[in-house]
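Here is a short tour for anyone meeting this structure for the first time. Take a look at the model, then read on.

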Number of protein chains: 2
Amino acid sequence: MPGDAYEALTDESLPRRLGAVPQVAGRIGGTPETWAVREVGDGNLNLVFIVTGSAGGVVVKQALPYVRLVGESWPLALYRAFFEHHALVRQAARDPGSVPEVFHFDEAQSLIAMEYLHPHVILRYKMIAGERVEGLGDFLGTHCARMAFRGSELHMASAEKKADVALFAGNVEIPAITEALVFTDPYYAAEMNRHTEGLDPVVTALREDVALKAEVQKLFVKFATNTETMLHGDLHTGSVMSTATESRIIDPEFAQYGPMGFDIGMLTANYLMAYFSQPAHRAEDELHGYQEWLLRVVMDTFGAFDAEFRRLWANERTGMLYPARLFEDQGHSSELARDAVLAAIWQDALGFCGIEMHRRILGLAHNADFESIEDPRARAPLEARSLMMGRAVVLDRAGIGNAAALTAMARRFGKETFP
Amino acid sequence: MPGDAYEALTDESLPRRLGAVPQVAGRIGGTPETWAVREVGDGNLNLVFIVTGSAGGVVVKQALPYVRLVGESWPLALYRAFFEHHALVRQAARDPGSVPEVFHFDEAQSLIAMEYLHPHVILRYKMIAGERVEGLGDFLGTHCARMAFRGSELHMASAEKKADVALFAGNVEIPAITEALVFTDPYYAAEMNRHTEGLDPVVTALREDVALKAEVQKLFVKFATNTETMLHGDLHTGSVMSTATESRIIDPEFAQYGPMGFDIGMLTANYLMAYFSQPAHRAEDELHGYQEWLLRVVMDTFGAFDAEFRRLWANERTGMLYPARLFEDQGHSSELARDAVLAAIWQDALGFCGIEMHRRILGLAHNADFESIEDPRARAPLEARSLMMGRAVVLDRAGIGNAAALTAMARRFGKETFP
């Protein structure tokens with residue numbers, strides 16, 4: 001229905017609108033009047049409906065023309081659904097089975113109808129509840145490696161990749177959110193910021209640290225002016241849905257081109273914040289074991305990333321960068337070059353990780369790991385560990401050689417009291 | 001005349017086509033039949049005409065649908081004139097007076113009519129002839145700083161800059177030339193390469209140097225996946241026209257977004273190749289003085305770049321990167337951050353400089369500094385110095401602290417005999 005003016009869906013209007021789309025109606029089954037419709041969006045930006053019927057269910061996600069978390073005073077372009085759809089298509093191609101299957105996209109309505117994942121639960125809530133997910137680090141590390149490699153000119157034809165950079169450069173408003181909320185606002189007393197009472201001394205120390213701010217801006221330049229690969233752009237534990245044995249990635253509406261280390265770095269920060277929040281969520285007898293499982297996930301994620309990246313380097317290096325005709329075809333190994341690329345990704349990942357460990361505590365968008373701790377006197381010291389480790393990760397990352405060193409650092413900061 | 005099918009101009013057709021364009025005809029004067037038309041293109045890609053009449057002259061540059069240097073077997077998109085025009089407009093805005101004034105752009109004909117620079121001469125030929133240009137380094141260093149800073153998100157509004165990145169991402173074929181001829185082909189025995197006989201041992205040593213190739217690919221990644229600012233993209237001494245006291249930049253058809261250090265690095269390589277070629281062009285009594293003048297230009301270029309970049313940092317930092325609200329507004333100096341940015345630009349510039357010092361001797365597109373040396377036995381040892389210093393610059397650039405160290409290195413290599 002091109003030209004069909006945008007209208008935010010309601011429980012009532014949804015069956016009417018989607019009843020006429022066979023690839024959606026068929027998945028739900030029965031007549032639209034019999035469908036059960038539930039709005040479940042708990043994110044910051046969108047309406048999300050679960051629609052079920054006699055044959056099964058679908059999820060319908062619709063962009064709202066404003067930031068839901070803030071209200072209509074912060075308008076936001078609906079075109080982000082267009083980019084989310086493009087990102088989902090690329091994710092499905094580059095890592096089959098990693099994202100929900102798309103059944104229908106309606107650009108005028110900024111609406112995507114997709115696979116209903118159940119009994120999957122948002123990974124963040126599983127971590128708060130102390131539940132383990134088999135193969136989690138392997139899945140996410142492999143996914144990050146596939147997206148990083150296959151979306152870059154290590155693999156893609158250059159003309160195709162440049163056309164894609166041009167396409168995603170049209171997504172201006174969404175990266176602007178990250179640019180402000182991740183890289184700028186947390187580091188000064190911006191209007192929309194908030195933080196737990198009791199944290200003031202630590203927050204002041206961070207905001208007075210000029211070397212830290214300079215390093216964060218250096219990473220910001222990298223985020224804003226680098227087009228190595230297509231990023232998810234918001235890959236935290238709230239963008240993963242899991243059962244006990246299987247996981248999927250959701251919500252790539254912040255997709256943009258950027259540095260290969262960004263997604264895995266942001267994800268790692270969210271593992272580490274889950275780690276630091278655990279003392280408020282677990283009884284003593286379960287705490288250590290679950291925290292160690294979380295650090296195991298950090299190790300597995302980077303282990304899988306490295307292994308998959310090396311495999312792709314050996315087998316799918318078809319792009320113009322580090323071409324075989326300069327290395328293998330001359331009888332020269334490219335392994336040292338590959339290791340240098342991996343080391344640079346690791347360093348970038350650490351930088352973005354440290355920043356994410358700040359902004360979820362200092363900025364506008366907090367996360368449930370800490371927010372669900374009701375008593376600020378319990379919350380503040382745990383958040384302080386994340387803030388202080390974040391600073392150390394950003395400033396001292398050249399000395400953090402691998403994931404084992406990073407997890408050792410988390411164990412150390414987990415015992416500290418700040419300020 | 002939209003829809004007017006492309007036709008390569010001739011001396012005869014040019015007056016017919018441009019006689020009807022008042023802003024061109026008026027500058028030339030008289031009736032089109034009386035105009036004097038000379039084709040003077042000595043570049044690799046285009047037709048260039050000087051058209052003079054009773055009132056003055058204009059230069060008419062028209063893209064050809066193939067690489068002139070190679071012939072019709074290498075077709076090349078005419079759309080590059082569109083990007084050259086866009087680049088000229090931005091250069092004129094960001095550094096007024098630095099480029100020829102544009103009088104007329106005809107997209108269908110891939111044709112730009114612009115200011116006739118006279119008595120300006122291509123800088124490369126002046127350097128071969130041993131002529132000095134007053135204020136050269138100041139002009140070029142200031143120009144590079146203005147283009148780098150004012151084309152970046154240190155200065156530009158982010159939405160505007162991202163739209164411009166999308167626009168220039170459409171220029172696929174032209175960057176592909178740089179990607180192949182600068183970063184890839186010189187480092188293996190590619191079909192279109194050629195080099196002076198006698199250089200084989202040095203060439204083999206470079207192509208067998210896996211660490212060098214890996215470092216070049218690292219710089220290639222930076223060139224291909226970085227959008228810090230709009231580059232000229234081909235800023236060598238053949239893209240500068242000078243009198244004894246005044247200079248202009250021409251030929252930005254390789255404009256693309258890329259790292260801030262690229263243009264000044266490529267330019268520096270061309271100064272250094274002029275330096276190394278001088279023993280074949282100068283009598284003993286003039287040699288030392290002229291070579292020292294060339295190294296003075298290197299110093300002046302970076303001195304002016306630094307000074308202008310600092311001035312712009314202080315006065316025009318209106319973009320989202322390193323915002324004053326994180327630094328000066330908090331009573332924090334941003335000078336250390338600025339110096340780190342300048343140091344990173346310097347390191348990138350060195351890397352690109354070293355690569356340019358290779359490709360002009362190993363690749364397809366050589367330069368007149370060396371090519372005009374007829375005797376290969378005189379040419380080879382001078383080229384060998386450029387090749388070997390290029391390698392040292394790429395591999396050891398972290399240890400080259402400033403332009404004085406770089407020029408000292410040139411003096412050392414200028415006395416060596418290779419292999």
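Where is the place of Pro419(B) in chain B? Pro419(B) sits in the segment that follows helix 15 (403-413) of chain B. Keep in mind throughout that this is a predicted model.

**Some unusual backbone spots**

Let's start with the backbone around that proline. Most residues other than glycine have a negative phi, and most peptide bonds are trans. The bond leading from Phe418(B) into Pro419(B) is cis, with omega near -5°. Over in chain A, the peptide bond from Phe418(A) to Pro419(A) is cis too, with omega near 0°. Pro419(A) lies in the segment after helix 15 (403-413) of chain A.

Next up is an aspartate. Asp251(A) isn't a glycine, yet its phi is positive, at about 60°. You'll find Asp251(A) in the loop that runs between strand 11 (247-249) and strand 12 (256-258) of chain A. Is Asp251(A) buried or exposed? Asp251(A) counts as buried, because it has 25 C-beta neighbours inside 10 Å.

Chain B has its own entry here: Asp251(B) shows a positive phi of about 60° although it is not a glycine. Asp251(B) belongs to the loop between strand 11 (247-249) and strand 12 (256-258) of chain B. Asp251(B) counts as buried, because 25 C-beta neighbours fall inside 10 Å.

**How the two chains go together**

Two copies of a chain are related by a rotation about an axis and a shift along it. In this model, a turn of 180° and a shift of 0.0 Å along the axis lay chain A on chain B with an RMSD of 0.0 Å. The two copies are therefore related as by a two-fold rotation axis. Both copies use the same surface, as 100% of the contact residues of chain A recur in chain B.

How many residues of chain A are in contact with chain B? The contact involves 37 residues of chain A and 38 residues of chain B. On the chain A side, the elements that give two or more residues are helix 6 (158-168), helix 7 (173-181), helix 9 (210-224) and helix 12 (335-362). Helix 9 of chain A provides the largest share of that side, with eight residues. Sorted by class, the side of chain A that touches chain B has 21 nonpolar, nine polar and seven charged residues.

**Two domains in chain A**

Chain A itself splits into domain 1 (13-115) and domain 2 (121-413). Their C-alpha centres lie 26 Å apart. Where the two domains of chain A touch, domain 1 puts in 17 residues and domain 2 puts in 18 residues. The domain 1 side of this contact has eight nonpolar, four polar and five charged residues.

**Two residues to zoom in on**

Here are Glu215(A) and Ala324(A), each with its setting.

| Residue | Where | C-beta neighbours inside 10 Å | Counts as |
|---|---|---|---|
| Glu215(A) | helix 9 of chain A | 20 | buried |
| Ala324(A) | loop between helix 11 (284-315) and helix 12 of chain A | 12 | exposed |

Which residues does Glu215(A) touch, not counting those up to four places away in sequence? They are Val394(A) and Leu395(A). Glu215(A) and Val165(A) are 50 residues apart in sequence, and their C-alpha atoms are 26 Å apart in space.

As for Ala324(A), leaving aside residues up to four places away in sequence, it touches Arg317(A) and Asp329(A). Ala324(A) and Ala314(A) are ten residues apart along the chain, with 9.6 Å between their C-alpha atoms.

**A pair of packed helices in chain B**

Two packed helices are described by the angle between their axes and the distance between the axes. In chain B, helix 10 (residues 262-277) and helix 14 (residues 376-395) pack at an angle of about 145°, and their axes are 9 Å apart. The crossing of helix 10 of chain B and helix 14 of chain B is right-handed.

Which residues make this contact? From helix 10 of chain B come Leu272(B), Met273(B), Phe276(B) and Ser277(B), while helix 14 of chain B brings Leu382(B), Arg385(B) and Ser386(B). By class, the contact between these two helices has four nonpolar, two polar and one charged residues.

Notes: Residues numbered from 1 in each chain as written. Chains lettered and ligands numbered in written order. Predicted model: local features only at pLDDT ≥ 70, side-chain atom pairs only at ≥ 80, totals over all residues. Helix = DSSP H or I, 4+ residues; strand = E, 2+ residues; numbered from the N terminus. Least-squares fit on C-alpha atoms with pLDDT ≥ 70 in both. Contact = placed C-beta atoms within 7 Å. Domains from an automatic or database assignment. Nonpolar A, V, L, I, M, F, W, Y, C, P; charged D, E, K, R; others polar. Axes fitted to C-alpha atoms, helices over the stretch in contact; angles between N-to-C directions. Left-handed = near helix turned anticlockwise from the far one by under 90°.
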